[in-house]
Amino acid sequence: MTNFIRDAACKGHQPQGAIPLRHNPRPHLVNQLLAERHLPRFLVAPAGFGKKTLMAEYADVVFSFEHVSWVNGGSPCFLRDLDAGTIDSDLHRFDGGLRLAVFQDVPVMDEQRAEAFGRLVNALAAAEVEVLCSLAPSADLYGELVPGRVLIDGHRLLVNAEERVPRLAEEDAVVADGLAPSACVPCLLWDERGTAQLLEGLRKEALPKEMFLALVAMLLMGRGRLEDLDGFIGAERLGETLELLAACYPYAGISLEEGRFEASQVGVEELGRAVGAVIGAHCVQLPCRNRDGMAMLAADLMLGRGESVRAFETVGCLASRGAAMRWLGHHGWDLVGGGYSREYCVAFLQASRSHSSVPPHASSAAAWGFAEMGDVKEARRLARAVVASSGSDDASRSMAALLLAMVGEGEALDRADEAVEPLLRKMQIQKSNGQPLPVSAEVLDSMAVQAALQDGTALAVSVFHEQCRRSGGGRRSWSRQLLFSAALILAHLARWQLEEEPPAFEEEEMAEDFIQECMLALDALAVSGEEFGWAQVRVGDLLQELVESRRFSVSLRLRPLTTVALKRAREELAAEQGAYRRSCRQMDAERSSREAARQDEFRSDSARRQKSSAARAAVFPKLRVSLFGSFVVHVGDTRVDDRLLTRRKSRTLLALLVLNHGREVSVDYLSTTFWPQTAPAAARKNFYALWSLLRRVLSVDGQCPYLIRTEMSVRVNYDLVESDLDPFEELCRQLLFSGRTETNWEELLSLASGRFGGVLLPAERENAVIQESRHRLHTNMTDALVAASGRLLTGGEPQGALWFAREALRRDQSREDVYLAQMRAQIASDQRAAALDTFFACRSYLTEQLGIDPSPRLVELYHSIIEEEVAL
């Protein structure tokens, strides 16, 4: 018998940490507990609502901790003694005058244990012992098991208007009057670590996945409509879930009557650190499917109501780099055009540095954003990559060409001119028919680029007027796109006025009219109250340059209102550019710090290769190869039909190249591997035929950038290849070496048993190299699972240790260390009979299959079970 219940007796001393040094007394709640002291009182609320502090205040005020027993329900000893049925008798035996029994953090229990705890509470109440219990809402099963109990839920524990609330950032006290319920959570108002405490409780509480995900989504979005949660958890259980959350989780701020929520304010980065690792496991079989889907859906909803900065933070903190890049590409033009160029550029840099496949539309939008932030070099690089990419759509290519025509020099201008020619040829524009041209905005942009670069002032102005006509409004409604087209023509005129050869009089007169029209347009936009941005500043600067050159006889001047608006916009743009440069310096410093700490030459070389191949990676879609469970190949988002990979050897060849991580493999080695009984010359001939077949299958626009052959070797272009081999190896590294396994072991176990629950290429049974790789990876994963089990056991997570050991034993029943890990976890989980079964299974395998005896360590563990009581 241990000293658990004996040590629970307070004997005039408060339990350690029960009442914090910075304590806000709550006498009105203590009075409520006093008024109902003859009945068991259950404090049912999430973490951070001050349950423990209130119980300690009551025990101090009423009993001075004399004849009080404080039982920690989170201890495994509590469940052990509850199963044994000795808690009631031990409480009275160690404190004959017991008057108050406090059960802190009663855990989630099955029906049988819940009934036993209900009998314990009823027995203590019948013996006139006061009972206080604190537990999370998910653990409250005692409405019928403890008749007449008093329920004090989270709503009653909120800070009310009469309590003076010392704010953390202010010296004076303020009254929490008029605050939303979600802003009146005690820990958020009184504790510097309140947000972390609230989120830690959310992570540890065993909530159903729908409730957990709904709470995370509401904390992430802050406010919104309840119907927005359909996309996260589905409409089937939405009503029931929201009713439970509204009743038990006030920090969600749910109003069922109004159909809205206003949750407690939580930082996205802090939320990601607390629960990001376990979100994925809760998304399984729900509409959002995974953590990426959840983050992108939340970001879309926030973007729709104008909260772009928080949407950026959500994608950056919770989504994978690939998902973040897809989201940036989808919303690029809206974000850059909406005044969020700095945030977009920073997010683009973060995502692209670790994800080399960049969609052309994301690169095109980012190029404009970088140009606005003054990073012209990066803007030109991205724009050149987009115009050169065969995978770019017409809109992306025309916008990139427009940007190059504005900020490019020399070769960049030539590339812009060349980029628009195919588009114009494809549309087959006939300018001589006198009919309105049925062309798109992309063609109009391309015509403007070509006209401006080839000194076609008249054509450029006519194209611009066509764009204005299509916009359907006057100068007051000039769009950002129209302003940039105007800026392109003005930039052409600025170059034109420096030439020595004078233009024709008709063209000069047209140029003067156009300059005046741009001035009037800026004035009209200023009068309409529109906020000026980079487009207006660009046009204003070019107008000033042209008027000051005195080449054109333009007498019109901008209004003072327009001049003031332009000055303010220049100042704001300069501030944004400064903030962008600071963000870049911070990212560079963080990356340098990480590289200096790791001293990993491979990582540094990999980063340099990735940066140098970013432009090439933007041209072609990624080749994605799945090796575990089933062999599946995608080129971009298109799956390669299995019928195209008809030859089994072509599948095996691609798998072998991917398994080598882009390293070169000798042609002779591969030839003898595939055709060991064939003459070397004939084997090489067969190999080159197989190589040509594979290249045809993986070709994009007549090219195959994924396979590279030299004179004596072949390899895959790993900058353009993704496979599940990398996440598999990363999972093994985390399980083997990461010190954070204890915080996200549920998600890691889900990956190990789910996505990587199968073996490498199970259908391939002949190739010796594949079989060797399969055995090596299988052994690595088993080693990692055993190591994770041992680390979790040391860290006080016996249940997690047991599950990892079971997964290791499922994979490999021939290793004695796996049986040893499972026995240790079973003993720590009080499963001694199961531990004995594990020992006998191991002994049977060793003696019958291998003819050897169990090791001394295994035998010693077996004797410790049958001869000694294991201390908990």
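1. Let's start with R237: at 36% relative accessibility, this residue counts as partly exposed. Its salt-bridge partner is E240, and the closest N and O atoms of the two are 3.8 Å apart. The partner is partly exposed as well, since E240 has a relative accessible area of 45%. Keep in mind while you read that this is a predicted model.

2. Now look at R225 and E227. These two form a salt bridge, with 3.1 Å between the closest N and O atoms. Is R225 buried, exposed or partly exposed? R225 has a relative accessibility of 41%, so it counts as partly exposed; the label fits because partly exposed covers whatever lies between the buried cut-off of under 20% and the exposed cut-off of over 50%.

3. The pair R570 and D541 is a nice one to find on screen. Their closest N and O atoms are 2.9 Å apart, and the two residues form a salt bridge. R570 sits in helix α27 (residues 560-598), while D541 belongs to helix α26 (residues 534-549), so this salt bridge ties together parts that are 29 residues apart in sequence. R570 is partly exposed, with 29% relative accessible area, and D541 is also partly exposed, at 34% relative accessibility. Elsewhere, R37, R41 and E130 are joined into one network by salt bridges that share partners. If you want the full tally, the count of salt bridges comes to 25.

4. Zooming out for a moment: how many helices and strands does the protein chain have? There are 39 helices and 17 strands. The chain has 872 residues, and 50% of them are buried. If you take the contacts with a separation of 6 or more, residues 24 or more positions apart account for 70% of them.

5. Next, a helix pair. Two packed helices are described by the angle between their axes and the distance between the axes. For helix α18 (residues 360-372) and helix α20 (residues 394-407), the angle is about 25° and the axes are 9 Å apart. That makes α18 roughly parallel to α20, because angles under 35 degrees count as roughly parallel. The crossing of α18 past α20 is left-handed.

6. Which residues do the meeting in that pair? On the α18 side they are P360, H361, S364, A367, W368 and A371, and on the α20 side S396, M399, A400, L402, L403 and M406. Sorted by type, the residues of this contact give 9 nonpolar, 3 polar and no charged.

7. Two buried residues deserve a click. V30 is found in helix α2 (residues 27-35), and V30 is buried, with a relative accessible area of 5%. Setting aside neighbours within four places in sequence, V30 is in contact with L54, E57 and Y58. V30 and L54 are 24 residues apart along the chain, yet their C-alpha atoms are separated by 7.3 Å. The other residue is S773, in helix α35 (residues 768-794). S773 has a relative accessible area of 9% and is buried. With neighbours within four places in sequence left out again, S773 is in contact with L659 and L760.

8. Have a look at helix α34 (residues 745-753) too. Its buried residues are W745, E747, L748, L749 and A752. What covers the buried residues of α34? The cover includes α13 (268-283), α33 (725-737), α35 and α36 (798-811).

9. Last, a couple of backbone oddities to check. Most residues other than glycine have a negative phi. D105 is not a glycine, but its phi is positive, near 55°. D105 lies in strand β3 (residues 100-106) and is partly exposed, with 38% relative accessibility. H661 is not a glycine either, and it has a positive phi of about 55°. Where does H661 lie? H661 is in the loop between α30 (648-659) and β14 (665-666). At 22% relative accessibility, H661 counts as partly exposed, because buried means under 20%.

Key:
Residues numbered from 1 in each chain as written. Predicted model: local features only at pLDDT ≥ 70, side-chain atom pairs only at ≥ 80, totals over all residues. Heavy atoms only, no water. Salt bridge = Lys/Arg side-chain N within 4 Å of Asp/Glu carboxyl O. Buried < 20%, exposed > 50% of the residue type's maximum accessible area, 1.4 Å probe, protein only. Helix = DSSP H or I, 4+ residues; strand = E, 2+ residues; numbered from the N terminus. Axes fitted to C-alpha atoms, helices over the stretch in contact; angles between N-to-C directions. Parallel < 35°, antiparallel > 145°, perpendicular 65-115°, else oblique. Left-handed = near helix turned anticlockwise from the far one by under 90°. Contact = heavy atoms within 4.5 Å. Nonpolar A, V, L, I, M, F, W, Y, C, P; charged D, E, K, R; others polar.
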